[in-house]
Amino acid sequence: MDDLIQSIDAAPDLQALDALRVAALGKSGSVTAMLKSLGAMDPAQRAAEGPKIHGLREAVTAAIAAKKAALENAELDRRLATERLDLSLPAPVCPSGSVHPVSQVLDELAEIFADLGFAVAEGPEIEEQWYNFTALNMPESHPARAMHDTFYCEPREPGEEPRVLRTHTSPVQIRAMTSQPPPIRIIAPGRVYRSDSDATHTPMFHQIEGLVIDKGIHLGHLKWTLETFLKAFFERDDVAIRMIPSYFPFTEPSADVHVGWSWENGRRVIGGSENWMEVLGSGMVHPRVIANCGLDPDQWQGFAFGTGVDRLAMLKYGMSDLRAFFDGDLRWLKHYGFNALSVPTLSAGVGA
Ligand code: PHE
């Protein structure tokens, strides 16, 4: 018995200890055999041997439990000593993604316009012709419909008017005006589609629309809003704009907005008034569009503007080929992408 307790105390690891347990207390273990032998004894012998054998079993069980706890503690101490984490080591290099310039610019625009009190509105990319054209004062056979190289969808059932891939974000103006009471101040960023492809055109690109509907709104509000937006976006106070008379069916009067730019160290940068380039379409919302949405144009007026997000990104961050935006080339993304954790904020400078 002392032998058994000694070898339990000397067991080098949990595995050896368990082998000893099986050899003593298992089905055909030595202690088990002694317990079984009690049955064959006469009462006097059993009365003498019984307490000894049961005492032995208890002692062995207790010795095994104590040794097990000791071995486990030793194992824990060993792991605590060896598996130390050195918090002063630099973090391991992990593969990390980057934010696409279009997403970055969309975040910047949302931040700038949120500060001016604009909410973000959305609409479907597969759009009904009424929203994309008709309600925007482009009835069927209106020549302006041909200005957009429209993708038409197959009708879902015979006789249904084919839906289109929206050719601009302007249908979101209609969705906003027909779904909420004025005053309205929204921007509508999103994908738009036209059948066109070269270095400055891709069949899918991004636009952002702005819409204000309220009482007593005039061109001055539009000009101030665009100037304020462009200054915040290009992070320069010397951004100059010119409004050139233009035509859109859904605005009257309409204006193309040109922004001044100059050469700086061989690069085109926005600012100053040496040269001009067109960056936005805009105008006062056509009274007929307001009426098409069930509002009284004598009571409500507004302005709208629209611009290409990809082009804004190219101008601000100096990319030259639009097609690279949609190639998914990791090297390009690494070079032009943004850190996922540096979310643009006005206080930090939206492009920072
Ligand atoms: N939807 C026009 C375009 O795609 C842009 C625009 C929007 C013009 C709003 C005026 C007002 O070219």
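1. Which strands each supply at least two residues of the shell around the ligand? They are strand 5 (204-214), strand 9 (275-285) and strand 10 (301-308). Strand 10 gives the most, with three residues. Please read all of this as a description of a predicted model.

2. The shell around the ligand holds 14 residues. Those that come nearest are His168, Ser170, Arg194, Gln207 and Glu209. Sorted by class, the shell has eight polar, four nonpolar and two charged residues.

3. Polar contacts deserve a look next. In histidine 168, an N or O atom of the side chain is 3.0 Å from a nitrogen atom of the ligand. Serine 170 also faces a ligand nitrogen atom, with a polar side-chain atom at 2.9 Å. Arginine 194 pairs with an oxygen atom of the ligand instead: a polar atom of its side chain lies 2.9 Å away. As for cover, the ligand taken alone exposes 330 Å², and the protein buries 90% of that.

4. Where does the ligand sit? Its place is the largest pocket. That pocket contains about 1,200 Å³ of space. Its lining is made of 44 residues. Nearest the pocket's centre lie Glu278, Val279, Thr307, Gly308 and Arg311.

5. Several elements build this lining. Strand 5, strand 6 (241-248), strand 7 (251-264), strand 8 (267-270), strand 9, strand 10 and helix 10 (309-317) each supply at least two residues. Strand 9 has the largest share, six residues. So keep two roles apart: strand 10 gives the most to the shell around the ligand, while strand 9 gives the largest share of the pocket lining.6. By class, the lining of the largest pocket divides into 17 nonpolar, 17 polar and ten charged residues.

7. The second largest pocket holds about 170 Å³ of space. Its lining consists of Leu116, Phe118, Arg185, Val212, Asp214, Ile217, His221, Trp224, Thr225 and Phe303. Two or more of these residues come from each of strand 5 and helix 8 (219-234). Helix 8 gives the most, with three residues.

8. What is the make-up of the second largest pocket's lining by class? Six residues are nonpolar, two are polar and two are charged. Strand 5 is worth tracing on the model: this strand supplies at least two residues of the shell around the ligand, at least two of the lining of the largest pocket, and two or more of the lining of the second largest pocket.

Key
Residues are numbered from 1 along each chain as its sequence is written. This is a predicted model: local features need pLDDT of at least 70, side-chain atom pairs count only at pLDDT 80 or more; totals for chains, interfaces and linings use all residues. Side-chain values use heavy atoms; hydrogens and water are left out. A residue is near a molecule or strand if one of its heavy atoms lies within 4 Å of it. A polar contact is a pair of N or O atoms within 3.5 Å; within protein, one must be able to donate a hydrogen and the other to accept it, and residues adjacent in sequence count only if both atoms are side-chain atoms. Accessible areas come from the Shrake-Rupley method with a 1.4 Å probe; for residues, only the protein chains shown count as cover. On a 1 Å grid over the protein atoms alone, a cavity is a set of points where a 1.4 Å probe fits but cannot get out, and a pocket is an open set with protein on both sides within 12 Å along at least five of seven lines; lining residues have an atom within 4 Å of a point. A molecule sits in a cavity or pocket if more than half of its atoms lie within 2 Å of its grid points. Helices (H or I, at least four residues) and strands (E, at least two) are DSSP runs, numbered from the N terminus. Ala, Val, Leu, Ile, Met, Phe, Trp, Tyr, Cys and Pro count as nonpolar, Asp, Glu, Lys and Arg as charged, and the others, Gly among them, as polar. Grid points are joined across faces, edges and corners, and a volume is the space filled by probe spheres set on the points.
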